[in-house]
Amino acid sequence: MIDHIGIAAKDYAASRRFYDAALAPLGIIPVMELTTAETGGYEGVGYGGDGKPSFWVSSGGPNGAGVHIAFTAPTRALVDAFHAAAMAHGGRDNGAPGLRPHYHPAYYGAFVFDPDGVNVEAVCHAPE
């Protein structure tokens, strides 16, 4: 249903470092970049796979509190890797990797706040 989503970061460089590291274990990588010369005022990076950006981070935004974004992880080990990478690159813990059976019995997720306070999650729905 959704083709792509974007957030605007208060500190673009810090957010870029955070998302580059946190999304890499999930196979989500930068596939497109926009410069201020191209856009007329902001810079941005589009993350995705197969050349298609589905998640964008751009400059010039306010604090992102109240926003929640969840990325699919094919394995629980990759949820763990996401959390470790996010924490090592400016993330703040908002829920260590683990089962969340109140959603469903196999729901395994981890939550971190990005540098702007966006609640970012990696979730695996597969049983162990």
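A residue is called buried when its relative accessible area is under 20%, exposed when that value is over 50%, and partly exposed in between. The structure described here is a predicted model. By this definition, strand β7, which spans residues 108-113, is mostly covered, since 5 of its 6 residues are buried.

## The sheet that contains β7

Strand β7 belongs to an open sheet of 4 strands, arranged in the order β5-β8-β7-β6 with mixed pairing. The edges of this sheet are formed by β5 and β6, each of which pairs on one side only. On average, neighbouring strands here are turned by 15 degrees against each other, with direction ignored.

Two antiparallel pairings place β7 within this arrangement. Strand β6 (residues 92-99) is joined to β7 by 5 bridges. Within this pairing, Asp-93 has Val-112 of β7 as its bridge partner. On the other pairing, 6 bridges connect β7 to strand β8 (residues 119-124), and these two strands also run antiparallel. Here Phe-111 is matched with Glu-121, which lies in β8. The hairpin of β7 and β8 has 5 residues between the strands, and in this hairpin Gly-117 adopts a positive phi near 90 degrees.

## The second sheet

Another open sheet consists of 4 strands in the order β1-β4-β3-β2, again with mixed pairing. Its edge positions are held by β1 (5-9) and β2 (29-34); each has a single partner strand, so one side of each is left without a neighbour in the sheet. The twist from one strand to the next averages 25 degrees.

As background, strands of a sheet pair through backbone hydrogen bonds, either parallel or antiparallel. In the present sheet, β2 and β3 run antiparallel and are joined by 5 bridges. Pro-30 stands opposite Tyr-47 of β3.

The loop between β3 and β4 contains Asp-50. Most residues other than glycine have a negative phi. Asp-50, although not a glycine, has a positive phi of about 55 degrees. Its relative accessibility is 87%, a value over the 50% cut-off, and Asp-50 therefore counts as exposed.

## Aromatic residues

The structure holds 6 aromatic pairs. A pair of aromatic rings is described by the distance of the centres and the angle of the planes. Two of the pairs share Phe-55 and are set out below.

| Pair | Centre to centre | Angle between planes | Class |
|---|---|---|---|
| Tyr-47 and Phe-55 | 6.2 Å | 35 degrees | tilted |
| Phe-55 and Phe-71 | 5.1 Å | 80 degrees | edge-to-face |

Why is the pair of Phe-55 and Phe-71 edge-to-face? Its planes stand at 80 degrees, and planes over 60 degrees apart are assigned to that class, so the pair is edge-to-face. Phe-55 lies in strand β4 and Phe-71 in strand β5, so this pair ties together parts that are 16 residues apart in sequence.

Both Phe-55 and Phe-71 are buried. For Phe-55 the relative accessibility is 3%, which is under 20%, so this residue counts as buried. Tyr-47 has a relative accessibility of 0% and therefore also counts as buried. These three residues, together with Phe-18 and Tyr-19, form one aromatic cluster.

## The largest pocket

The largest pocket has a volume of about 240 Å³. Its lining comprises 13 residues, and those nearest its centre are Ile-5, Tyr-47, Ser-54, Phe-55 and Phe-71. Tyr-47, Phe-55 and Phe-71 thus appear both in this group and in the aromatic cluster.

Which strands each supply at least two residues of the lining? They are β3 (44-49), β4 (52-59) and β5 (68-72). Of these, β3 and β4 are strands of the sheet ordered β1-β4-β3-β2, whereas β5 is an edge strand of the sheet that contains β7. By class, the lining has 8 nonpolar, 4 polar and 1 charged residues.

## The segment before β1

His-4 is located in the segment before β1. With a relative accessibility of 45%, which falls between the cut-offs of 20% and 50%, His-4 counts as partly exposed. His-4 and Val-120 are separated by 116 residues in sequence, and their C-alpha atoms are 16 Å apart in space.

Methods
Residues numbered from 1 in each chain as written. Predicted model: local features only at pLDDT ≥ 70, side-chain atom pairs only at ≥ 80, totals over all residues. Heavy atoms only, no water. 1 Å grid on protein atoms, 1.4 Å probe; cavity = no way out; pocket = protein on both sides within 12 Å on 5 of 7 lines; lining within 4 Å. Points joined across faces, edges and corners; volume = space filled by probe spheres on them. Nonpolar A, V, L, I, M, F, W, Y, C, P; charged D, E, K, R; others polar. Phe/Tyr/Trp six-rings, centres within 6.5 Å; stacked < 30°, edge-to-face > 60°. Buried < 20%, exposed > 50% of the residue type's maximum accessible area, 1.4 Å probe, protein only. Pairing = 2+ DSSP bridges. Axes fitted to C-alpha atoms, helices over the stretch in contact; angles between N-to-C directions.
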